[in-house]
Each structure stands twice: as C-alpha cells, then as structure tokens.
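User: I am new to this structure and would like to learn how to read its features. Could we go through them step by step?

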Amino acid sequence: MQRIVLLSICLLFLAISPLNAQRLSAGDLLCEYAANPIGIAPGQPIRLCWKMISSDSNLLQTAYEIKVTRKGRTIWNSSRVNSGQSVHVLYKGPALNARTRYFWQARIWDNKGHASEWSRINYWETGLDTSDWSAKWITPSTPDTTAAPAPLFRKEFIINKKIRSARLYITAHGIYETWLNGKRVGDAYFTPGWTNYNSRLQYQVYDVTHLLTTGANAAAAIVGDGWYRGSTYRGRKNIYGSAPGLLYQLEIILADGTRQILTSDQTWTSNYGPIRSSEFFNGECYDAQRERTGWLLAGRQDPTWQGVKIETASFSNLIATNAPPVKKHEIFKPLNIIKTPRGETVIDFGQNLVGWVHFRINGHKGDTVILLHGEVLDPQGNFYAENLRSALQSIKYIAKGTADEWFEPHFTFQGFRYVKVLGPIDLQNVEAIALYSDMGETGSFSTSNPLIDQLQHNIQWGQKGNFIDIPTDCPQRDERLGWTGDAQAFSATATFNMDVAAFFEKWLKDLSSEQLPDGAVPYVIPNVLRAKDNAAAGWSDVATIAPWNIYLAYGDTTILRNQYNSMKGWVNYIRSHAVNNLWNTGDHFGDWLFYTPGDADDDGRAAITDKHLIAQIFYANSVQLLINTARILGIREDVTTYSTLLPKIKEAFVDEYTTRKGRLVSGSQTAYVLALNFDMLPDSLRHQAAVRLIQNIKDYGNHLTTGFLGTPHLCHVLTRFGYNNIAYMLLLQETYPSWLYPVKKGATTIWERWDGIRPNGTLQQANMNSFNHYAYGAIGDWMYKVIAGINPVDTAPGYKSILIAPRPGGSLTHAQASLKTLYGSIGSSWKLENENFTLDIVIPNNTNAEVILPGTNERRRVGSGSYHFSYSIPQPR
Ligand code: BGC
C-alpha cells in the first residue's frame with residue numbers, strides 16, 4: 001500500500017490560455033434534453049439549455065435573451081435577462097398549440113463585456129392534444145391463437161397534391177415497426193417503449209415527409225407482443241391486454257396548405273406473416289417461407305388479407321414523450337468460434353451484451369437455424385443457459401432458400417456473450433448488435449491499472465445492457481423488470497456514464513403513477529407483480545433517491561417538482577407505519593446478496609444485517625431528501641414538519657439499534673456503512689463506528705461483505721472517515737469477494753453475485769445467477785468522485801459549481817476522467833511519477849470549481865478554463 005506523505009510542496013499552477021481566441025456564442029441548444037425534439041406535449045413546461053461557447057477563460061454568463069418564433073413571427077422574446085442561468089430556462093411565452101413547430105434562438109453576454117450574436121436556430125415541435133386523435137385502435141379481425149404471430153397491418157392511399165410536410169403519430173398495444181412505401185420509419189426499436197400503460201402510453205412522432213409521394217402510397221406496420229401482452233415474470237402473459245393493437249395517424253400538409261389525414265380505421269387490412277412468435281423472454285420464431293412479397297408497397301392486391309376490428313380503447317392515457325428510445329449501437333464480430341467438449345458450435349462475441357444476432361443463412365428452403373443465447377460457458381466449456389430459468393432466448397429461423405439470405409430478429413432482445421448455433425448458418429457472416437436506450441455517453445474513466453479499467457468497462461456495459469427503455473435488474477433471464485432497489489443503488493453512477501436525465505424522468509413518472517394511494521411504492525416499475533409487492537426499504541426509497549441524484553447531476557428542478565408528491569407520499573407511507581418514529585414492520589429484501597460463505601456457516605461468517613435497522617436508516621434518508629427538496633421548491637411548511645421529524649427518527653434508531661458505547665445490533669459492514677453514511681449516529685459515536693467497520697473488514701481478511709444496499713456507500717464512508725487507503729485496498733482486492741474478482745474471472749459486465757463463478761470454477765446456483773446486473777457497479781460513483789475527483793455540489797447542482805478533489809491511493813499512478821455536463825466537458829487527470837504529482841483539469845464555461853489538491857492543504861477556486869498543477873509529494877522509502 002502506498003501512502004502519500006507530504007514533506008514539502010513546491011506548487012506550480014498554470015492557467016493554460018488558448019492560442020486562438022474563439023468568439024462568444026450560445027451553442028448546443030437543447031430543448032427537453034434533445035436538440036430538435038418533435039412530439040413534445042403541448043401543455044408541458046419547456047426547458048431550454050445552451051452552452052456558452054468561447055475559448056476565453058474565467059467566463060461566466062451575465063445575461064441571456066431567448067427568442068421563439070412561429071411561422072416567422074416572434075411569439076415570445078424573454079428580453080435581456082440578467083442571469084447566469086444557461087440550463088433549464090423555462091419558456092414563458094403564450095400557451096403552445098398542438099402539432100406546431102416553434103423555432104428558438106438564444107444570445108448571451110459574458111462577464112468580460114462580450115455579447116454574442118444570435119445562436120443557430122433550433123426548434124421543438126408539439127405533439128397532439130388528446131382531442132386531436134381521430135384514429136381508431138385496430139386489431140386483426142381474425143385473432144390467430146395458434147402461437148402468437150405478429151399481425152401485419154396495411155393501408156394504401158392516394159395523395160393527390162404536392163406534399164409540404166407530413167407527420168406520423170403512432171403507438172401500439174404491443175411494440176411496433178412501421179414502414180411507408182417500403183421504407184422503415186425511424187431507427188427506434190421496441191417502440192412505444194414500456195410505461196404504466198394503464199395510465200401512460202407513449203406515442204411517437206416521426207417526420208415522414210421524405211417517405212411519401214404524390215400518387216399511390218402504402219402504410220404498413222407489424223405489432224409484436226412486447227411488454228403489453230408478451231410473457232413476463234412468473235409465466236404471466238397479457239398483463240395489459242390480450243389483443244395486439246395499432247393506433248396510427250398520418251397527417252399530411254399539402255402544398256396548398258390543406259391537410260390530409262390517414263388514420264387507422266375499419267378500412268385497413270390485416271394478415272399474419274413470417275413472425276410466428278416474438279417476445280422478450282423467449283425470442284423469435286421466423287418462418288421466411290411465409291414472407292409476403294410486396295405488402296410494404298402500393299399496388300399490391302392480395303385476397304388473403306382480412307379486415308380489422310375496431311377496439312374501444314381509451315385515448316386518455318396517450319402521452320407524448322421525450323425519453324430516449326432504444327436504438328442499435330455497437331456491432332461485435334465473433335471473437336472465437338468454439339467447438340465445445342459436447343461438440344456444440346458456439347460463437348463467442350467476447351462481450352456480454354444485450355441485443356441480437358444478425359446472420360446470413362447458408363441453406364435451402366425449409367432448413368431450420370436455431371440460435372441459443374447464453375452469458376457464460378459451464379466449467380467444462382460447454383454452452384450454458386440454466387441461469388436463464390424459463391427464458392428460452394432462442395431464435396428459430398426457417399429458410400426460404402434464396403441467395404444472400406440474411407436475418408435479424410424484431411421484437412425481442414437477448415442477453416448473451418455466447419451463441420450456440422444449430423443449422424446452416426454462414427459463420428463468416430455473423431455479428432452481434434447491441435441495443436439500448438439512446439442516451440449519449442457522457443463519461444470516460446481510466447487509470448494506470450488495466451483491471452480497474454476493465455471494471456469501468458463492465459460497469460458501462462452493465463448500464464448499456466440494462467437501460468432498455470426502463471432500468472432493469474437483468475436483461476437475460478425471465479425477469480427483466482424495473483426493480484427499484486437496483487435502480488436506486490446504481491442511479492448516481494448512471495449519471496456519470498450516460499445522459500440519463502430524460503430516461504429517469506420518464507421512469508420516475510411511471511413510478512408516481514404506480515404508487516398506491518397510501519404512498520407505497522411497488523417493488524418494480526412498471527408494476528407487473530402482485531398488489532402486495534410493495535414498500536420495501538432500500539427499494540421503494542428509489543422514490544426519493546433517484547430524483548435527488550438526477551437533480552444533483554443535471555440541476556433540473558422540474559424533475560424534483562414532478563416527483564415531489566411521490567417523494568412525500570412515500571415518506572408519509574413510512575411515517576404512518578412507524579410507531580414512535582420506528583419503522584420496524586413490513587417485508588424487506590434487506591442487504592440483498594451480502595456475503596455468505598459457500599458451505600456450512602458454522603462460525604457465523606454470513607454478513608447479515610437486521611432488516612429493520614436498514615429500514616430505519618432508509619427512512620431517515622428519505623426524510624432528509626424530502627427536506628432538501630422542499631427547501632429547493634420553497635415548500636416551507638414541509639421543511640419545518642420534516643425537519644422536526646428527522647432527529648426523532650435518528651434518536652429512535654440510536655435507542656433501538658445501538659448500545660451506549662455505539663455498537664450496532666448487527667456488526668456487519670453494511671450496518672456501520674449505512675449508519676455512518678446517513679449520519680444516524682451522534683458525532684460522539686462516529687469515530688468508534690468507523691473503527692469497528694475497519695476491524696470488520698480486517699476480520700474478513702481485507703474483504704468487503706456488503707450486499708446491494710451497503711455496497712454503494714462502502715468506499716465513500718471509508719474515504720470520508722479518513723480510511724481512503726482501506727477504500728483503495730478494497731477496490732484493488734482481487735480475491736473473492738471483491739469488485740476485481742469477477743474481472744479476474746473474465747467478466748465483461750457486472751455480476752449479480754460476488755461469486756457468480758466460484759473460486760473453484762463452478763457456477764453459483766442457477767436460479768439466481770445473472771452475469772449482467774448493475775447494482776455492484778455502484779462503485780463507479782466513488783471511482784469518478786474520489787479517484788478522479790469530479791464531484792457535483794448540491795448548492796449549485798448540475799455542475800454549475802464543481803468540486804475537483806482527486807484522492808490518489810493504492811498503487812495507482814495515473815487516473816483520468818471526463819464528464820460531459822449541460823455546461824460542457826469537465827476533465828480531471830492526474831499522474832504520480834516518482835515524487836512528482838501533476839493534475840490537469842478542464843472547467844467548462846459558466847461554471848467554477850473548487851480544487852482540493854491532494855497531499856496539500858491547498859484549496860483553489862478557479863473559473864472556467866484549463867489548468868495544470870504540478871508539485872512534489874515525497875514518497876515513503
Ligand atoms: C432481482 C433483483 C431484485 C430482487 C429483489 C431479484 O430477482 O433480480 O435484482 O432487486 O429480486 O430482491
């Protein structure tokens with residue numbers, strides 16, 4: 001272990017000036033977290049952001065002006081507002097009309113007397129009001145009950161005049177793909193996405209002007225089972241309904257200004273085609289012999305097509321969306337093609353990913369290809385899929401026997417690294433495609449230790465694979481649900497790797513909509529479990545924790561405002577179940593998947609933490625976050641009420657779970673970590689609690705023992721209480737249980753269990769052994785904040801102010817991280833070479849930072865710009 005001892009400092013501090021000064025401008029305009037969104041709900045608040053572009057340093061915005069126009073006429077001008085605010089500035093003009101495009105620009109002034117020109121023009125476009133829907137919900141007139149083939153819908157129509165513009169408003173009961181004149185509309189998958197369909201069903205809006213033509217046109221769509229009616233947890237199906245449905249409204253503005261509308265109605269036709277079944281858990285069965293030719297194009301008369309039935313479904317649940325849809329991302333070529341001891345042909349893609357395989361078939365008409373997907377090989381090196389439980393993750397393709405026959409599935413995704421192949425597939429022409437919500441990557445992180453870099457890679461891939469429209473627990477077995485505890489644990493880390501604001505905003509609205517009248521929050525969101533599956537400590541607390549973490553990262557009070565009633569509802573639920581301020585009832589998951597020894601636990605090594613002790617701490621934390629939020633939103637009565645309550649909750653904790661000398665009733669790491677992290681103990685008892693925590697870590701041979709709830713806070717507590725060296729020791733620990741143990745075992749994602757593959761090479765019990773579960777990846781938050789030193793500041797959230805406080809340690813000699821924020825990119829990179837320490841940082845315009853130089857007592861306040869610090873930290877000999 002390397003300790004940094006400071007003997008003398010000779011500090012060199014350089015503000016690096018750019019060679020070519022760039023003039024001031026407002027750039028990267030965003031509306032509702034997107035550049036030019038279409039389909040914004042007409043009634044929602046409109047948040048506008050821009051970046052201050054200039055190569056000057058120490059730059060702050062002093063004023064802005066926003067101009068919004070419609071059809072060339074200014075409808076709102078903010079006038080010059082003397083303000084430094086450049087993010088989430090609310091549109092305050094006249095009420096917005098539906099289906100209308102608004103153009104906007106900003107100009108800004110800085111603290112050095114410069115004024116920018118008007119920015120480039122961006123736009124947002126509103127979607128429909130509920131009353132604007134004239135389309136009807138349609139379903140095939142003849143349901144096919146044999147399997148669950150995906151129905152095809154089509155309609156031909158004529159456009160007589162020249163087209164000025166066209167928009168498609170579309171959603172489904174199920175998930176849809178849609179084409180106009182043979183061309184796929186958009187590049188999103190699994191649309192309309194997963195929400196609490198009973199009260200919130202998203203529709204998408206596409207600009208389809210370029211896909212239409214004057215004359216004959218064809219509209220076509222396929223609807224897969226999706227989350228609406230496909231298989232879900234515990235073998236259930238048809239959660240929201242049993243009939244696949246399509247709602248389709250195409251609005252064409254013609255050159256003469258008139259409007260032509262094509263809607264789904266009784267004049268559409270339906271049929272069944274090659275997709276015999278397609279659903280998330282089980283995969284897809286595709287019979288290419290049943291492909292229908294020409295159905296995507298106009299001029300095709302086929303007597304086998306049947307009518308449709310009109311469904312009387314509600315329109316009141318339809319909502320516009322600004323959440324990022326799922327899209328295709330990385331493509332992987334096979335790393336290896338393996339012949340297993342059992343003789344199986346298995347493709348190894350080298351990365352546990354979520355998506356599907358795109359492949360070429362080398363066969364004859366009627367030949368069958370089967371692909372089975374798995375995450376790991378068994379100890380003998382054979383294909384392994386038992387940990388998928390009942391999920392088949394199988395792709396079955398029946399060939400049509402044409403030349404150059406290619407396939408990729410439609411309404412399913414698989415979690416896999418290995419694919420077992422049966423049948424005539426062309427192994428030279430196979431690739432795996434990763435699909436996940438289209439959130440921009442915001443963070444980068446690397447160090448001098450390749451194992452830590454692999455850990456960071458695994459965290460990012462855990463996030464990619466599990467952010468599929470909602471934050472899931474795992475993407476492969478028969479679960480794939482929005483487990484709240486997992487999302488809570490990972491939410492802070494998630495904000496470092498990707499832009500997750502709109503993603504969480506959507507999911508949190510579903511959380512509010514699923515909350516029970518008494519405030520209880522279900523275990524999973526959207527809720528597909530039993531009515532009684534709700535209100536668990538550390539799970540339901542996502543209601544307060546996630547909005548707060550999103551607020552810290554993006555500084556967006558709208559998200560806090562959206563969630564406030566939900567946050568308060570959850571706190572009041574606990575309050576009403578607490579007796580004398582003690583919440584010690586109810587079923588809880590506790591510190592899920594904490595360390596237990598493999599064999600008999602004769603001397604009591606399992607790191608069990610009393611579940612009600614945990615519940616009391618999460619109660620206090622939720623109250624604290626509610627107070628913070630009430631303060632920001634100016635809800636004074638609540639600040640008073642809950643500020644009076646909080647000390648009582650902490651007193652009740654100390655009374656019930658702590659001895660006079662400060663020993664906790666559970667001696668586990670998680671108990672001490674949570675009590676310290678959430679300030680449950682009086683000052684006088686904190687030091688001894690930290691000492692007990694350290695002793696516990698030593699008792700386990702310098703290993704962690706924490707589960708889902710303790711793990712995110714373990715290293716933070718160690719660093720905060722002066723044991724940064726122990727935090728590094730745990731991070732760099734390579735033997736089980738530790739973060740690097742799976743890395744040493746070849747993991748490419750974060751595992752559900754610390755020992756998914758045991759030290760002796762055998763696999764953990766198949767009924768719960770996912771190799772892609774992000775919860776333990778919550779260490780990422782500490783890696784960015786402590787190793788690289790990039791921290792948000794809660795008094796100026798969204799990185800308006802930044803704390804740069806890297807704390808080197810362990811054997812690391814170098815670390816770098818960057819984070820794209822709404823203001824611009826933050827950078828922090830340090831190197832330790834012999835005794836020479838250098839730190840290079842980049843602070844975005846319109847922000848400032850406090851820099852705490854490691855190994856010194858120096859604190860520097862700096863404005864925007866690039867800085868280089870260099871000084872010597874003598875090493876112990
Ligand atoms: C999920 C977890 C989840 C848990 C609740 C599991 O089946 O995969 O990640 O939080 O149930 O205990």
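Analyst: Let us begin with glutamate 651, which has its place in helix α8. Please keep in mind that this is a predicted model.

User: Is glutamate 651 buried or exposed?

Analyst: Exposed means a relative accessible area over 50%. Glutamate 651 has a relative accessible area of 53%, so it counts as exposed.

User: Which residues gather with Glu651 in a patch of negative charge?

Analyst: Asp610, Asp655 and Glu656 join Glu651 in that patch on the surface.

User: How should I read a helix that lies inside the structure, and which residues of α9 are buried?

Analyst: A residue is called buried when its relative accessible area is under 20%. In helix α9, residues 669-677, 9 of the 9 residues are buried, so the helix is largely enclosed by the rest of the structure. The buried residues are Gln669, Thr670, Ala671, Tyr672, Val673, Leu674, Ala675, Leu676 and Asn677.

User: What covers the buried residues of α9?

Analyst: The cover includes α7 (611-633), α8 (636-657), α10 (683-699) and α11 (711-720). Helix α8 is also the place of glutamate 651.

User: Where does threonine 558 lie, and which residues does it touch?

Analyst: Threonine 558 belongs to helix α6, residues 557-577. With a relative accessible area of 8%, threonine 558 is buried. Leaving aside residues up to four places away in sequence, threonine 558 touches Pro45, Arg47, Leu90 and Glu505.

User: How many salt bridges does a search of the whole structure find?

Analyst: The search finds 48 salt bridges. One of them pairs lysine 464 with glutamate 330, with the closest N and O atoms 2.7 Å apart. Lysine 464 is in helix α2 (residues 450-466) and glutamate 330 is in strand β25 (residues 326-332), so this pair ties together parts that are 134 residues apart in sequence. Lysine 464 counts as buried at 5% relative accessibility, whereas glutamate 330, at 22%, counts as partly exposed.

User: Which residues are joined into one network by salt bridges that share partners?

Analyst: A salt bridge links glutamate 479 to arginine 477, their closest N and O atoms being 2.9 Å apart. Both glutamate 479 and arginine 477 are buried. Shared partners join Arg389, Arg477, Asp478, Glu479 and Glu752 into one network.

User: How should I read backbone angles, beginning with phi?

Analyst: Most residues other than glycine have a negative phi. Arginine 389, a member of the network just described, has a positive phi near 55 degrees. Arginine 389 is located in the loop between β28 (368-374) and β29 (394-398), and at 31% relative accessibility it counts as partly exposed. Aspartate 28 also has a positive phi, of about 50 degrees, although it is not a glycine. Aspartate 28 is part of strand β2, residues 25-31, and is partly exposed with a relative accessible area of 48%. A further case is aspartate 679, which follows α9 and has a positive phi near 55 degrees.

User: Where are the cis bonds that lead into proline 192 and proline 737?

Analyst: Most peptide bonds are trans. The bond from threonine 191 to proline 192 is cis, with omega near 15 degrees, and proline 192 has its place in the loop between β14 (183-184) and β15 (201-202). The bond from tyrosine 736 to proline 737 is cis, with omega near -10 degrees. Proline 737 is found in the loop between α12 (724-732) and α13 (740-744).

Notes:
Residues numbered from 1 in each chain as written. Predicted model: local features only at pLDDT ≥ 70, side-chain atom pairs only at ≥ 80, totals over all residues. Heavy atoms only, no water. Buried < 20%, exposed > 50% of the residue type's maximum accessible area, 1.4 Å probe, protein only. Helix = DSSP H or I, 4+ residues; strand = E, 2+ residues; numbered from the N terminus. Contact = heavy atoms within 4.5 Å. Patch = residues over 30% accessible without salt bridge, like charges linked within 9 Å, V, L, I, M, F, W, Y side chains within 5 Å. Areas by Shrake-Rupley, 256 points an atom, 1.4 Å probe, with all protein chains shown as cover. Salt bridge = Lys/Arg side-chain N within 4 Å of Asp/Glu carboxyl O. Lys, Arg positive; Asp, Glu negative; His and termini not counted. Charge placed at Lys NZ, Arg CZ, Asp CG, Glu CD.
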